[in-house]
Amino acid sequence: MNKFTFLLIAGVLGSFANAQYSKEKQTEYVKTLASDEMEGRMFGTEGAKKAADYIATHFKNNNLKPCVGDSFLITFEHKEQTGYNVCGIQEGKSDEIVAFGAHFDHVGANGKGEDKIFNGADDNASGTSAVMAISDYYKKKKPKKTIMYMAFDAEEIGLIGSGKLVENPDFATYLPKMEVMYNLEMLGTVSEFGSGKVYMTGSDRSDLMKIMNDNTCKTFSVNDDPYLGQNLFMRSDNVHFFKKGVVSHSLSSVNMKTAKHYHQPSDEFKVIDMDNLSTITEGVGRVSNKLIKKGIKPSYNK
Ligand SMILES: [Zn+2]
């Protein structure tokens, strides 16, 4: 074996050993979150609590620390019901924060047809699985910056969970240090830009899309929001972070012109294109890591 071949093999083995991200594991996260057992994960239900506990256990297993107090669950009250945001942190050398978020709740189990359960596989077990899988991606890395992982409850009833989170006085201390919050929303199906391609809501408001595309590989890229008339920027959890001055957009791949599964009981695991979801998830992991390494941070346009 010549030296070059040896180095090549060692390099390949080394990269596998370090590769914490796996498509198989992510598939399991989506399937579990979208299972009938979670009963459509509606705010205030047992199913939503099960989902929150599942995500919290994952954060614990990945050696994250709770963002607030000694529990990964940050509770809040809304209309006399208790909700649970899930938040874990991986401390870096600096206290500047790069954050990933996704809502895990959905609309429950009151369907009119034979299939009563709105499993919400795409909306938003897909994005939640991406947050979980990105924590796998970073698990053995020692990123310079602090990484935060969040799963929001009560998005479907009006972005309540993320709103309560940013107003939580203990959590709010993180906000001035938060450079970016990537909100991952419906990444399970192939966008009109092709497999592995996402669009960014409100992409004209900051330089985030440009700096991501300047630091990506061919398989993953970010495109302008094709549904500007629908004002998606203001319709997901990123908006509460935006209002606090944090650069925060939603990344999505759902085709709003053709999606038939949106808020239907048919939004089940079978609508998920795992190759697409996996490419996007790894893409977001890789690009965010590159931006951290290069010390690049996004800003809103003046
Ligand atoms: Zn959603």
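**Exercise 1. Work out whether helix α9 is enclosed by the rest of the structure or open to the outside.**

Step 1. Start with the count: of the 21 residues in α9, 15 are buried.
Step 2. That makes α9 largely enclosed by the rest of the structure, because so many of its residues are buried. Keep in mind that we're working with a predicted model here.
Step 3. Now check the length of α9: from first C-alpha to last it reaches 30 Å, close to the 30 Å expected at 1.5 Å a residue.
Step 4. Look at what comes next along the chain. Gly 295 follows α9, and its phi is positive, near 70 degrees.

**Exercise 2. Find out how far the predictor's confidence can be trusted along the chain, and where it drops.**

Step 1. Take the average: the chain has a mean pLDDT of 94. Of its residues, 94% reach 70 or more.
Step 2. Then hunt for the weak spot. In residues 14-18 the pLDDT falls below 50. Leaving aside near neighbours in sequence, that stretch has 1 contact in the model.

**Exercise 3. Decide whether the chain is as compact as a globular protein of its length.**

Step 1. Get the inventory: 9 helices and 9 strands.
Step 2. Compare two numbers. The radius of gyration is 19 Å, close to the 19 Å that the globule rule gives for 302 residues, so the chain is as compact as a globular protein of that length.
Step 3. Add the outline: along its principal axes, the C-alpha trace spans about 65 × 40 × 40 Å.
Step 4. Look inside. Buried residues account for 50% of the 302.
Step 5. See who contacts whom. Take the contacts between residues at least 6 apart in sequence: 80% of them join residues at least 24 apart.

**Exercise 4. Test helix α3 against its expected span, then say what its buried residues pack against.**

Step 1. Helix α3 covers residues 46-61, which is 16 residues, and at 1.5 Å a residue it should span 22 Å. Its end C-alpha atoms are 22 Å apart, so the two agree.
Step 2. Pick out the buried residues of α3, including Gly 47, Ala 48, Ala 52, Ile 55 and Phe 59.
Step 3. Find their partners. The buried residues of α3 pack against α2, β2, β3, α4 and β5.
Step 4. Contrast that with Thr 57, also in α3. Thr 57 is exposed, because just 12 other C-beta atoms lie within 10 Å, and the cut-off for exposed is 12 or fewer.
Step 5. Just past the helix, Asn 63 has a positive phi of about 60 degrees.

**Exercise 5. Describe the largest nonpolar core and follow one of its residues.**

Step 1. A bit of background: in soluble globular proteins, nonpolar side chains tend to be buried together.
Step 2. Here, the largest nonpolar core holds 82 residues. Among those with the most contacts inside it are Ala 52, Ile 55 and Val 86. Helix α4, residues 121-138, gives this core its largest share, 9 residues.
Step 3. Zoom in on Ile 55. Setting aside residues up to four places away in sequence, Ile 55 touches Val 86, Phe 104, Thr 128, Met 132 and Ala 151.

**Exercise 6. Hunt down the unusual backbone angles.**

Step 1. Know the norm: most residues other than glycine have a negative phi, and most peptide bonds are trans.
Step 2. Spot the cis bond. It joins Asp 123 and Asn 124, with omega about 0 degrees, and Asn 124 sits in helix α4.
Step 3. Go to the loop between β6 and β7, where you'll find Met 186. The phi of Met 186 is positive, near 60 degrees. Met 186 counts as buried because it has 29 C-beta neighbours inside 10 Å.
Step 4. Finish with His 263, in the loop between β9 and α9. Its phi is positive too, about 55 degrees. His 263 has 13 C-beta neighbours inside 10 Å, so it counts as partly exposed.

**Exercise 7. Place the UniProt domain on the model.**

Step 1. Read the record: an unreviewed UniProt entry puts "domain: Peptidase M28" at residues 85-284.
Step 2. Describe that span. It is 26% helix and 20% strand, and its end C-alpha atoms lie 22 Å apart.

Methods:
Residues are numbered from 1 along each chain as its sequence is written. A nonpolar core is a set of buried Ala, Val, Leu, Ile, Met, Phe, Trp, Tyr and Cys residues joined through C-beta atoms within 7 Å. A residue is buried if 20 or more other C-beta atoms lie within 10 Å of its own, exposed if 12 or fewer, and partly exposed in between; C-beta atoms are placed from the backbone. Helices (H or I, at least four residues) and strands (E, at least two) are DSSP runs, numbered from the N terminus. Two residues are in contact if their C-beta atoms, placed from the backbone, lie within 7 Å. pLDDT is the predictor's confidence in each residue, from 0 to 100. UniProt positions are given in the numbering used here, feature names are shortened, and annotations may be inferred rather than shown by experiment. The expected span of a helix is 1.5 Å times one less than its number of residues. The radius of gyration is taken over C-alpha atoms; the globule rule is 2.2 Å times the number of residues to the power 0.38.
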